[in-house]
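Here is a quick tour of a protein chain, meant to be read with the structure open beside it. Let's start from a single side chain and work outwards.

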Amino acid sequence: MTADAESIPLLVTLGHSGDGMFNLRFPPEYRDEILSLLDDNGIEHGTTMEFSAGTDLAIEAVKFLGAGGGLVAISLMIKTFVQRHNGKRVILKRGEFKIEVAGFSEKKTEQFLQTMATEQAQRDAEWRRVVGKMPVDEND
């Protein structure tokens with residue numbers, strides 16, 4: 001998953017159950033810029049590794065709620081990234097669903113991110129439900 005002369009992919013995937021985060025995947029040549037934009041927008045994040053992904057993939061776990069206004073801050077971060085790369089298509093993608101962000105639509109991007117936040121919240125709630133019903137080991 002590398003950028004070409006005309007497009008830059010930004011893939012959004014669900015995070016680990018219970019962590020309230022999702023993963024932003026992007027070509028590694030944009031790593032410093034994206035990390036800086038996340039910091040500039042007050043978005044909590046942390047680098048994560050996925051050994052099966054290969055070496056052509058950078059992954060940053062991004063907190064979608066909390067400091068920095070959550071989804072609005074992430075949307076603004078994406079907007080700034082798109083504006084910096086005017087002339088290239090930035091493609092937000094999750095599974096088969098994708099948005100081409102050339103000409104940036106803040107509303108469409110926020111809707112996309114809200115869908116992700118809802119899915120992650122459902123996953124987290126299910127995780128808490130399952131963990132809450134696990135038997136307790138009395139020897140702990």
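## Starting at Met 77

Take Met 77 and leave out residues up to four places away in sequence: what remains in touch with Met 77 is Leu 24, Leu 37, Leu 38, Asn 41 and Ile 43. Keep in mind that this is a predicted model. Met 77 sits in helix H2. Is Met 77 buried or exposed? With a relative accessible area of 2%, Met 77 is buried, because anything under 20% counts that way.

Ile 34 is a handy partner to look up as well. Along the sequence, Met 77 and Ile 34 are 43 residues apart, yet their C-alpha atoms are 8.2 Å apart in space.

## The chain as a whole

Now zoom out. The chain has three helices and six strands. Reading from the N terminus, the elements go β-β-α-β-β-α-β-β-α.

The chain is 140 residues long, and 38% of them count as buried. If you take the contacts with a separation of 6 or more, 62% of them come from residues 24 or more positions apart. The accessible surface of the chain is about 8100 Å², and carbon and sulfur atoms own 51% of that.

## Helix H1 and what it packs on

H1 covers residues 31-40, and its buried residues are Glu 33, Ile 34, Leu 35, Leu 37 and Leu 38. What do these buried residues pack against? Their partners are strand S1 (7-14), strand S2 (21-26), strand S3 (45-48), strand S4 (58-63) and H2. Just past the end of H1, Gly 42 has a positive phi of about 65°.

Glu 33 deserves its own look, as a charged residue within helix H1. Its relative accessible area is 18%, so Glu 33 counts as buried. Setting aside neighbours within four places in sequence, Glu 33 contacts Phe 81, Arg 84 and His 85.

## Where H1 meets H2

When two helices pack, the pair is described by the angle between their axes and the distance between the axes. The axes of H1 and H2 cross at roughly 140° and come within 9 Å. The two helices are therefore oblique to each other. The crossing of H1 and H2 is right-handed.

On the H1 side, the contact uses Glu 33, Ile 34, Leu 37 and Leu 38, while H2 brings Met 77, Thr 80, Phe 81 and Arg 84. Sorted by type, the residues of this contact are five nonpolar, one polar and two charged. Glu 33 and Met 77, both met above, are among the residues that make it.

## Where H2 meets H3

H2 spans residues 71-84 and also packs with helix H3, residues 106-132. Here the angle is about 130° and the axes are 9 Å apart. That makes H2 oblique to H3. This crossing, too, is right-handed.

Which residues of H2 take part? Leu 71, Val 72, Ile 74, Ser 75, Leu 76, Ile 78 and Lys 79 do, and they meet Glu 106, Thr 109, Glu 110, Leu 113, Gln 114 and Ala 117 of H3. Between them, the residues of the H2 and H3 contact come to seven nonpolar, three polar and three charged.

Thr 109, in helix H3, is a good one to click on. Its relative accessibility is 0%, so Thr 109 counts as buried. Thr 109 and Ile 74 lie 35 residues apart in sequence, with 9.2 Å between their C-alpha atoms.

## A strand residue and a loop residue

His 45 belongs to strand S3. With a relative accessible area of 23%, His 45 is partly exposed. Not counting neighbours within four places in sequence, His 45 is in contact with Met 21, Leu 35, Leu 38, Asp 39, Glu 60, Ala 61 and Val 62. His 45 and Phe 22 are 23 residues apart in sequence and 9.5 Å apart from C-alpha to C-alpha.

Gly 87 is in the loop that runs between H2 and strand S5 (89-94). Is Gly 87 buried or exposed? Gly 87 has 72% relative accessibility and so counts as exposed. Gly 87 and Glu 6 are 81 residues apart in sequence, but 7.6 Å apart in space, C-alpha to C-alpha.

Technical notes. Residues are numbered from 1 along each chain as its sequence is written. This is a predicted model: local features need pLDDT of at least 70, side-chain atom pairs count only at pLDDT 80 or more; totals for chains, interfaces and linings use all residues. Side-chain values use heavy atoms; hydrogens and water are left out. Helices (H or I, at least four residues) and strands (E, at least two) are DSSP runs, numbered from the N terminus. Buried means under 20% relative accessible area, exposed over 50%, partly exposed in between (1.4 Å probe, protein chains only). Contact means heavy atoms within 4.5 Å. Accessible areas come from the Shrake-Rupley method with a 1.4 Å probe; for residues, only the protein chains shown count as cover. Axes are lines fitted to C-alpha atoms, for helices over the stretch in contact, and angles run from 0 to 180 degrees between N-to-C directions. Angles under 35 degrees count as roughly parallel, over 145 as roughly antiparallel, 65 to 115 as roughly perpendicular and the rest as oblique. A crossing is left-handed if the near helix is turned anticlockwise from the far one by less than a right angle, and right-handed if clockwise.
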